[in-house]
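Colleague: Could you walk me through this model before I get lost in it? I would like to go slowly.

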Amino acid sequence: MISVEDWALIRRLVADGVPQRQVARDLGIGRATVEWALASDRPPKYERPAAPTAFTPFESSVKQLLAKTPDMPATVIAERVGWTGSITWFRDNVRRLRPEHRPVDPSDRLTWLPGDAAQCDLWFPPKKIPLEDGSKTLLPVLVITAAHSRFMVGAMIPTRHTADLLLGMWMLLQQLGRVPRRLIWDNESGIGRGKRHAEGVGAFTGTLATTLQRLKPYDPESKGIVERRNGYFETSFMPGRDFTSPADFNTQFTDWLAIANARVVRTIKARPIDLLDADRAAMLALPPVPPTVGWVNRVRLGRDYYVRIDSSDYSVDPSLIGRFVDVTADLSRVEVRHEGRVVAAHHRVWARGQTITDPVHVAAAKVLREQFQLPRPAAGPNEELSRDLADYDRAFGLIDGGLADAQPDVVADGEVA
């Protein structure tokens, strides 16, 4: 077989008018080879002829099993068909046949109208963030991307709990200034599972008058815009950066997003900042009454005068021990109220398992403890209680008023006077 270079040379020489006999003589090849090169419209390529292998007798049985169960493991198929050879060789052949029997799931090209949708997702930056107790951990970043303009907003949040997800969404929608008509999520547990939204999600979207759409499994194309942004963050934002706290991360990320939103997006050949006004004009207005978001709990304050938010405990005025208090928290602050009055306020910590104590509460608890331990004063001589035993006879109808007057008097110590 001749090389690709010889094949190309033969065709060029004959096209230039060189006789085929001379071409064969100059290149040292046969006339038939020259004729074949001229007749072939493709470069020469070595192709090994197909030959039976050890897998060939089992191929039809394997295809029958894959047609019925496309995801059956290769080891199970080998057992069913009685394969005794190399399992690696068998897996390679099953891998070659399996795509022919998988069900087809086509994806359409999506067109995003202005104001129609925003895609939401959690991105986990590949760098641990220092927290209040000196520990470092990976924290989620909530990202919302407007589908039409590709405008991005995002912020780091402390947990994947529903309360923090809704707090983050409301904060980012306020930054966006409008509400997209659809908020597209995957099956994030804090948003919902199966056919049901998580508790509080329905009330949140109802207040915003928008729709939260959770995608079915194995449908990455419907949320591909925000998924690609996650990779973009890791390659364009993260390299060379260090962070001292979640607040420092959010400051750097917000500053960088302003730059990223002013860059031309290749797929739409425009800058997100230039398309934002048209996108926002078709969105819904922010609600006149903000949605109820955040951590909310009503508890009876225990003897240790602490309440828990997420995994950390916060002190409360100990004078309210035994009474019901209302606990609320957002991404940065924890407040405790009793009958509408603030009885405790703390900065929220993002570290796990912390105890946050106000020194004023400790001092108040010490005073209450000392007062409780003081001995109770004894009753004075004029405070001794006494009762005429005849009162009990009258109460049970044993004697009337006249007989009672005839009875002997009874003094306080029960002796007859």
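Modeller: Let us fix one term to begin with: contact, or touching, means heavy atoms within 4.5 Å. This is a predicted model, where local features need pLDDT of at least 70 and side-chain atom pairs count only at pLDDT 80 or more, while totals for chains, interfaces and linings use all residues. Residues are numbered from 1 along each chain as its sequence is written, and side-chain values use heavy atoms, with hydrogens and water left out.

Colleague: Fine, so what does Trp185 touch?

Modeller: Leaving aside residues up to four places away in sequence, Trp185 touches Cys120, Asp121, Leu122, Leu142, Leu165, Met169, Ile191, Leu212, Gln213, Arg214, Leu215 and Lys223.

Colleague: And which residues touch the most other members of the largest nonpolar core?

Modeller: Those are Met169, Trp185, Val307 and Val336, in a core of 50 residues. A nonpolar core is a set of buried Ala, Val, Leu, Ile, Met, Phe, Trp, Tyr and Cys residues joined through side-chain atoms within 4.5 Å, where buried means under 20% relative accessible area with a 1.4 Å probe, protein chains only. Apart from this core lies another, of 20 residues, including Leu131 and Phe249.

Colleague: Changing topic, how much of the protein chain is buried?

Modeller: Buried residues make up 37% of its 417 residues.

Colleague: Why is the chain described as more spread out than a compact globule?

Modeller: Its radius of gyration, taken over C-alpha atoms, is 41 Å, well over the 22 Å that the globule rule gives for 417 residues, so the chain is more spread out than a compact globule; that rule is 2.2 Å times the number of residues to the power 0.38. The C-alpha atoms fill a box of roughly 160 × 60 × 40 Å, taken along the principal axes.
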